[in-house]
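Take a look at the chain below. Turn it slowly and follow the backbone from one end to the other.

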Amino acid sequence: QVQLVESGGGLVQAGGSLRLSCAASGRTESIGSMGWFRQAPGKEREFVGRITWSTGTPSHADSVKGRFTGSRDRSKNTVYLQMNNLKPDDTAVYYCAVRDRRFSDYTYWGQGTQVTISS
């Protein structure tokens with residue numbers, strides 16, 4: 001199993017920045033990719049971005065492209081989501097998740113961290 005601990009959420013004004021962190025432990029050798037998702041009240045969970053674990057290559061949803069940047073520090077088994085130019089619509093609980101490299105679905109999930117953007 002893989003355990004995930006997220007941190008870095010908070011309350012910022014529109015136009016501000018936040019950096020989320022997600023530290024993985026356990027069977028990290030099984031990680032194929034780590035993804036970021038978010039869920040706003042009354043809405044379905046939305047894909048934000050992911051990082052291919054072996055190469056560190058990030059990809060992002062169109063809704064955040066150019067504002068959010070994913071990265072990873074493999075020595076720390078940690079991924080980051082740098083969020084700039086935040087908008088009120090970015091308000092959500094943000095989750096990181098792990099896709100085991102043997103499977104197609106995200107299997108392990110973090111506890112979530114609240115991000116609130118005030119206008």
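This report goes from the whole chain down to single residues.

## The whole chain

The model is predicted. The protein chain has 11 strands and 0 helices. Read from the N terminus, its elements are β-β-β-β-β-β-β-β-β-β-β.

How does the radius of gyration fit a compact globule? The protein chain has 13 Å, and a compact globule of 119 residues would have a value near 14 Å, so the two agree. The C-alpha atoms fill a box of roughly 40 × 25 × 25 Å along the principal axes.

Of the 119 residues, 43% count as buried. Now take the contacts between residues at least 6 apart in sequence. Of these, 52% join residues at least 24 apart.

The surface comes next. The protein chain exposes about 6200 Å², and carbon and sulfur atoms supply 45% of that area. Among the side chains, 15 are positive and 10 are negative. The centres of the two sets lie 5 Å apart.

## Aromatic rings

The chain has 4 aromatic pairs. One of them joins Phe 37 and Tyr 106. This pair is edge-to-face, with 5.1 Å from centre to centre and 80° between the planes. An angle over 60 degrees counts as edge-to-face, so 80° fits that class.

Which parts of the chain does the pair tie together? Phe 37 lies in strand 4 (residues 31-39), while Tyr 106 lies in strand 10 (residues 106-109). The pair therefore links parts that are 69 residues apart in sequence.

Is Phe 37 buried or exposed? Phe 37 has a relative accessible area of 10%, so it counts as buried, the cut-off being under 20%. Phe 37 also belongs to an aromatic cluster with Phe 47, Tyr 106 and Trp 109.

## A serine in strand 4, and a serine in a loop

Ser 33 is also found in strand 4. Its relative accessibility is 3%, so Ser 33 counts as buried. What does Ser 33 touch, leaving out residues up to four places away in sequence? The list is Ile 51, Thr 52, Trp 53, Ala 97, Val 98, Arg 99 and Tyr 106. Tyr 106 is thus named twice: as a contact of Ser 33 and as the ring partner of Phe 37.

Ser 104 sits in the loop between strand 9 (92-100) and strand 10. Its relative accessible area is 63%, so Ser 104 is exposed. Ser 104 and Gly 32 are 72 residues apart in sequence. In space, their C-alpha atoms are 9.2 Å apart.

## Two asparagines with positive phi

Asn 77 is not a glycine, yet its phi is positive, at about 50°. Asn 77 lies in the loop between strand 7 (68-73) and strand 8 (78-83). Asn 85 also has a positive phi, near 50°. Its place is the loop between strand 8 and strand 9.

Are these residues buried or partly exposed? Asn 77 is partly exposed, with a relative accessible area of 21%. Asn 85 is partly exposed too, at 43%.

## Two buried loop residues

Leu 86 lies in the loop between strand 8 and strand 9. Its relative accessibility is 1%, so Leu 86 counts as buried. Beyond four places in sequence, Leu 86 touches several residues, among them Val 12, Leu 18, Phe 68 and Ile 117.

Gly 110 is in the loop between strand 10 and strand 11 (113-118). Gly 110 is buried, with a relative accessible area of 11%. Leaving aside neighbours within four places, Gly 110 is in contact with Leu 4, Glu 6, Tyr 95 and Cys 96.

## Sequence distance and space

How far apart in space are residues that are far apart along the chain? The table sets out three pairs, with C-alpha distances.

| Pair | Apart in sequence | Apart in space |
|---|---|---|
| Ser 104 and Gly 32 | 72 residues | 9.2 Å |
| Leu 86 and Ser 25 | 61 residues | 29 Å |
| Gly 110 and Thr 57 | 53 residues | 21 Å |

Go back to the view and find each pair in turn.

Key:
Residues are numbered from 1 along each chain as its sequence is written. This is a predicted model: local features need pLDDT of at least 70, side-chain atom pairs count only at pLDDT 80 or more; totals for chains, interfaces and linings use all residues. Side-chain values use heavy atoms; hydrogens and water are left out. Helices (H or I, at least four residues) and strands (E, at least two) are DSSP runs, numbered from the N terminus. The radius of gyration is taken over C-alpha atoms; the globule rule is 2.2 Å times the number of residues to the power 0.38. Buried means under 20% relative accessible area, exposed over 50%, partly exposed in between (1.4 Å probe, protein chains only). Contact means heavy atoms within 4.5 Å. Accessible areas come from the Shrake-Rupley method with a 1.4 Å probe; for residues, only the protein chains shown count as cover. Lys and Arg count as positive and Asp and Glu as negative; His and the chain ends are not counted. The place of a charge is taken as NZ of Lys, CZ of Arg, CG of Asp or CD of Glu. Rings of Phe, Tyr and Trp (its six-membered ring) pair if their centres lie within 6.5 Å; planes under 30 degrees apart count as stacked, over 60 as edge-to-face and the rest as tilted.
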